[in-house]
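Hello,

I am passing on the structure we talked about, with notes on what turned up in it. Please look at the model first and then read on.

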Amino acid sequence: LNSAESSALDLTTLFTEKSPLKFRFGKALYEGLFQTRYVSHLETKGEVLTSGTEVTVLGRVSLDGKGDVVVQPDRGFDFFLSQLPPGQIRTDIQGKIASKFWTCLGLGGVVTLCSGVLIMYFYGIAREILRSR
């Protein structure tokens, strides 16, 4: 989870540690001057969900022998935790899909209209050239 996602969940911090990175002058100079970023340390944070927190897991899940849910990334795919109920997640995804669909349909219509206008324009120019011969 990144920090934005973890702040949305009700997590308890177990530990936070900072460790310095190996300093390489040339790389630090390049990143500081040209890319305007410089990382001086690595921060590691261990967080857990508090007991009894209701979450929705998106990804591959299975039950172990004790009846506990085990989250397993499937072939390199990640899993996601959310405190939103499944119905709201589904509604949000459907809204985003519909928005993308109408955006693509609108852009397709604009491209079709513009290409039709250009074709008619070039057809008119070509017809005038052929008539003048």
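**The salt bridge**

Glu 128 and Arg 131 form a salt bridge, and their closest N and O atoms are 3.8 Å apart. A search of the whole structure finds 1 salt bridge. Both Glu 128 and Arg 131 belong to helix α3, where they sit 3 residues apart, about one turn of the helix. Glu 128 counts as partly exposed because its relative accessible area is 44%, while Arg 131 counts as exposed because its value is 58%.

**The model as a whole**

Please keep in mind that this is a predicted model. The mean pLDDT of the chain is 78, and 71% of the residues score at least 70. Confidence is lowest in helix α1 (residues 3-8), with a mean of 52, and highest in α3, with a mean of 93. The salt bridge described above lies in α3.

The chain contains 3 helices and 6 strands. Read from the N terminus, the order of the elements is α-β-α-β-β-β-β-β-α. The chain has 133 residues, of which 6% count as buried. Its accessible surface is about 11400 Å², and carbon and sulfur atoms account for 62% of that. Of the contacts between residues at least 6 apart in sequence, 58% join residues at least 24 apart.

**Two buried side chains and Leu 84**

Which residues have side chains with a polar atom lying 3.1 Å or 2.8 Å from a backbone atom of Leu 84? They are Ser 82 and Thr 56, and each meets a separate backbone atom of Leu 84.

- Ser 82 is in strand β6 (residues 80-82). A polar atom of the Ser 82 side chain lies 3.1 Å from the backbone nitrogen of Leu 84. Ser 82 has a relative accessible area of 16%, so it is classed as buried.
- Thr 56 is in strand β3 (residues 56-58). A polar atom of the Thr 56 side chain lies 2.8 Å from the backbone oxygen of Leu 84. Thr 56 has a relative accessible area of 13%, so it is classed as buried too.

Leaving aside residues up to four places away in sequence, Thr 56 touches Phe 80, Leu 81, Ser 82, Leu 84, Pro 85, Pro 86 and Ile 89. Ser 82 and Leu 84 are thus both listed among the contacts of Thr 56.

**A nonpolar patch**

Which residues make the nonpolar surface patch? Leu 118, Tyr 121, Phe 122, Ile 125 and Ile 129 do, and the patch covers about 510 Å². Tyr 121, one of these residues, is found in helix α3, which spans residues 86-132. Helix α3 also holds Glu 128 and Arg 131, the partners of the salt bridge.

If you look at one place to begin with, I suggest helix α3, where confidence is highest.

Regards

Notes
Residues numbered from 1 in each chain as written. Predicted model: local features only at pLDDT ≥ 70, side-chain atom pairs only at ≥ 80, totals over all residues. Heavy atoms only, no water. Patch = residues over 30% accessible without salt bridge, like charges linked within 9 Å, V, L, I, M, F, W, Y side chains within 5 Å. Areas by Shrake-Rupley, 256 points an atom, 1.4 Å probe, with all protein chains shown as cover. Salt bridge = Lys/Arg side-chain N within 4 Å of Asp/Glu carboxyl O. Helix = DSSP H or I, 4+ residues; strand = E, 2+ residues; numbered from the N terminus. Buried < 20%, exposed > 50% of the residue type's maximum accessible area, 1.4 Å probe, protein only. Contact = heavy atoms within 4.5 Å. pLDDT = per-residue confidence, 0-100. Polar contact = N/O pair within 3.5 Å; in protein donor to acceptor, adjacent residues only side chain to side chain.
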